[in-house]
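Hello,

Here is the structure we talked about, which I am handing over to you for a first reading. Please keep it open beside this message, as my notes follow below.

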Amino acid sequence: MKVAVVGAGPAGVRAVERLVRAGLRPMWFEEGPASGGRIYQRPPTGFSRDHRALYGFEARRARALHDVADRLRFACDWRPETLVWNIRRTEPVLDTLTRGTDRRSETFDAVLLCTGAMDRVIPVPGWTLPGVTTMGGAQVALKTQGVAIGSRVAFVGTGPLLWLVAFQYAKAGAEVAAVVDTTPFATKLRPGLLWNLATFLKGLYYVGWLRARGVPVFEGAMPRAIEGDGAVRALRIEGHTIACDAVAMGWGLKPEAQLADLAGLPFRFDAVQHNWVPGQDAAGRTARPGVYLAGDGGGIAGAEVAELAGARAALALLADHGVFVDPLETSVLDRQLWRQAQFRGALEAAFPFPAHLAAEMEDATILCRCESITAGALRAAAAPEMNRGKAFTRIGMGRCQGRVCGPAAAEVLAASLGCAVQDVGRLRGQAPVKPIPVALA
Amino acid sequence: MKADVLILGGGGAGCSAALHLAQRGLRVVLLERGLVGSQASGVNHGGVRQQGRHPAELPIAIRARRMWAQMAALIGTDAEFEATGHLKLARNEAEEAELLRWNAMAAEYGLHPRMIGRNAIRADYAYFSDKVVAGSLLEEDGSANPRLLAPALAAAARAAGAILLEGHAVTGIAPGFVVEAKGQSFTAPVLLNTGGFWGGQVAAQFGEPVPITALNPNMMVTEPLPVFCTHNLGVVGGDIYLRQISRGNIIFGGGRGESDPAVPVSRPLPVPSFNAMQRAIEILPQLAGAMVIRSWTGIDGGMPDALPVMGPSRTTPGLFHAFGFSGHGFMLGPAVGAVLAELVVDGHSETPLEGFDIGRFARQDALADDTWKTRLE
C-alpha cells in the first residue's frame, strides 16, 4: 500500500508514527526543511538555543515530537523542502516540487493531509507598512532565527497566540509596547476552558506575567491604524496611540486547506471557529475515499489535538485498508479528542473573531495587499459572492491567492450585502497551492 | 411566465442577445444555471482578435471588432478592452508560409496585418527567442477582461428591460416552447440556444444532435513582471498563447484541462500546464525566471471543425442556435447576440452564417477539404 502524508507538524508526525508502526513506509512531504511544524519549528543547524528557551512550557512536548520525527525519517520516504502544489481531482496523484526545481508526480492509495494553519488577519490602515507581520510570523522569526520583528513591538489581535507571542518576546528581551486584545475580559470567562486546565493555567500565567512587568494591556480595544511613513511609528487604538516600531497582528488561525479543496472535498462553515473547514468525520475520513485529514488543516484545534488527530486518522486509514488496529487505542484517542473538543469550543468562544472590525473597515483601507485592492472597491463591485468579487476586483488574485485577505474580504462583502458571512461563500482553490516556477517544465 | 423570446444560457452570446432583443422592444427572459459568464465566457484568455480566424468566422469577427470599439456606449464599460495588436508568431518556415497564406486571404476581407520578417522581428522584438522566425501583426486586434464582459452585458440587458434569471437551471424543454426551471414554467414562441457546451444537449432535444465535446482551455498566470510585451501573442497551430496585462502578469494558455460538465466542475491538468510553460519559455526566455501563481479552466463546447453552430434550427421553427464556439467565442459574443436579434426580429442577418449551419455535420465531404480548419487539440 502506497501512503502519502503531507506535512510534518504534530499531526503529520503522529500519523507517520502509527503508519510506520504498522509496517508501512509512507512518502512524507514537508514544505520546510525540518519536521516540527510551525508550532515546534526548529532553528537552522548550528543555532544553540535549547528547547527550554525556544518552546517554554511546551519544551518537553516539542522535544518528544522532534525525537520521534527524527527517528521516523529513516523509516519513511522523507521529502523535506517539498511543496505539494496540487492533488488531482480525478486521479490519486500528488504533484510535488522539491527545492524549487525537482518536479514529481506521485500516485497514492491513501493520502493524509496534515497541512496546518495560518494566521487570520484583519487589515487596518497601515498594515502593509514594513515592520507589520502576522502573529505567527513574529513567532517564527523569534523561534527559528532568534530575532524580533522590532525593538519595541505592539501585539494586536485576539486568541491564545496573542498572549503567548507577547510573552515570548518579552522573555527574549524585546520591549513589548502593548498587548491589544480585541476581546473584552468578560468574554474570556468560559467554564469550558477548564476542560484543559493546564492550557488554561498557562494562558493565565502569560497574562499575569506580562501585567506584572507593567506591559500595557488593552482588552476589548479596537485597532484603528498603524501609523508611520515607510516604517511603523505607532499603533493607534481607540483612545490611545502606542509608540512602537513593529506590529504583530493576528486573530486566531484558519486552516491551510487548499489541498483539501483541490481534492474536491466538500467544505462547511464552522460557526464556532468562524472558518470554512473541509468535511471529515471524527476519525479524519473524508468524502473522497483514500483522502484523510488531521490537525489544523481540517479545522483549528491546536497542537495537542493535532497529535491525537494525526494518530487517529492514521488508524482510520489503516483500518480502511484492511490493517488490524487495536480498538482500545482508537477508543482512547476518540475519548481524548472528544474531551479536547469541549475545551476548543470554549476557547473559540473566549476569543471570538471580531467580524465587525473587518466588516466596518474604512473604504480606503487596502484589503488585498497583493493586488492593492481596497475595501471600498470590493463594496462598489456589488458582487453576489466571493468568487465574483474576485473576478470583478482582482481581490485574492495575487501571489497569496486570497489566503491572507480572504476571511476579512468575506466579512466586508457579507456586511455590504447584508447577509451572513457564509452566504458569500469562499474563494475557490486553484493549483498551484503556492507559486511554482514557469521553468518547472 | 410568458415572453417573446426565451434564451437558454447566460454567456456573452446569450446576454448580448437579451440586450439587443430588449432594445428592439421584445419581452426577453434569459435562464442561466449559475451566474452569467461563469464558464467559457468568463474564464477564457480574453483575446479580441480577428487574426488567424477561419474565413467563415471573419465577417462576424470583423463586425464584433467594430462593436468592441463602441462597447462603452453599448454597455457602459469597455471591459478593459485595449487594441494592443495581436502578433501571431511562426517558429519555422512552414509556419511562416502559413502566416502569409492567411494574410493574403484576410486581405479579401479588408484586413491588412503587417508581416514582420526574420530580421525585423530580431530588431524590434529582442525579447523573443531565436525560435521565433517571423510574425504577423494585426494592430487593431487586442484583448479585454473576460470576467467583466458577460456581467456588464447582463446589466445592460436588465437595464433595457430584459429579465435575466441566474441560478435557474433548465429541467425540462418542450416544443412550443415551454421551459421548466427552478419549478417555474416559461413560455415563448422563440427559443435561443446559447448554452455553450450544454447547447449540444438542447439541440439534441430537438432532433439535431451534434458532435460536441467539452473543451477546457488550460490557463495560467504568472506573478506581475515589469511590462515588456504589449501585444497579444499567438502561434501558428495555437499550442501556446500569451498576453501581458497592464498590471504586469502574463496570462498564458495551451492544451486542455479536464471537466465534468454534469456537476459542473473543471480543472487544469499538470501535464498540459508543463507543456504550455515550456512553450512559453521557448518563445519568451525571460519567463524562465517567473512564477506561476494560479491556473484555471472552464467548460466550452468544442466542435470537430472548431467552428460554432449558429443560425436557425433545421428541425424546429422558432429555434435558433449559437453555441460550440470551440475556445474562441469570447470576442464574438457581443456580435453573436446582435445577429441572433436580427434573425429573430428581421428574419435575416447581414452577417453571413453559412459556415455555421447545424446541418453541416451530416455532410462529411464538406469538412474534409477545409484547408483553414483549426486544429482542436
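A good place to begin is a single pair of residues: Leu113 of chain A has Leu293(A), in strand β20(A), as its bridge partner. Please bear in mind throughout that this is a predicted model.

That pair belongs to a broader pattern, since strand β7 of chain A, which covers residues 110-113, and β20(A) pair in the parallel sense over 3 bridges. Both strands are part of an open sheet in chain A, where 5 strands follow one another in the order β3-β2-β1-β7-β20 and the pairing is parallel. At the edges of this sheet you will find β3 (77-79) and β20 (291-293) of chain A, each of which pairs on one side only. If direction is ignored, neighbouring strands of the sheet are turned by 15° against each other on average. Helix α1 of chain A, made up of residues 10-21, lies across β1 (3-6), β2 (27-29) and β7 of the same chain, and the helix runs at about 160° to β1(A).

Stepping back to the whole of chain A, its secondary structure comes to 13 helices and 23 strands. The radius of gyration of chain A is 21 Å, close to the 22 Å that the globule rule gives for 441 residues, and the chain is therefore as compact as a globular protein of that length. Its C-alpha atoms fill a box of roughly 60 × 50 × 45 Å along the principal axes, and 53% of the 441 residues count as buried. Where contacts in chain A join residues at least 6 apart in sequence, 68% of them link residues at least 24 apart.

What, then, links the two chains? In this model, 21 residues of chain A are in contact with 24 residues of chain B. On the chain A side, the elements that give two or more residues are α12 (386-393) and β23 (436-437), and α12(A) gives the most, with 3 residues. Sorted by class, this side of chain A has 12 nonpolar, 5 polar and 4 charged residues.

Strand pairing also crosses between the chains, as 2 bridges join β23(A) to strand β20 of chain B, which spans residues 291-296, and these two strands run antiparallel. If you would like one spot to look at there, Pro437(A) stands opposite Met291(B) in β20(B).

With best wishes

Notes: Residues are numbered from 1 along each chain as its sequence is written. Chains are lettered from A and ligands numbered from 1 in the order in which they are written. This is a predicted model: local features need pLDDT of at least 70, side-chain atom pairs count only at pLDDT 80 or more; totals for chains, interfaces and linings use all residues. Two residues are in contact if their C-beta atoms, placed from the backbone, lie within 7 Å. Helices (H or I, at least four residues) and strands (E, at least two) are DSSP runs, numbered from the N terminus. Ala, Val, Leu, Ile, Met, Phe, Trp, Tyr, Cys and Pro count as nonpolar, Asp, Glu, Lys and Arg as charged, and the others, Gly among them, as polar. Two strands pair if DSSP finds at least two bridges between them. Axes are lines fitted to C-alpha atoms, for helices over the stretch in contact, and angles run from 0 to 180 degrees between N-to-C directions. The radius of gyration is taken over C-alpha atoms; the globule rule is 2.2 Å times the number of residues to the power 0.38. A residue is buried if 20 or more other C-beta atoms lie within 10 Å of its own, exposed if 12 or fewer, and partly exposed in between; C-beta atoms are placed from the backbone.
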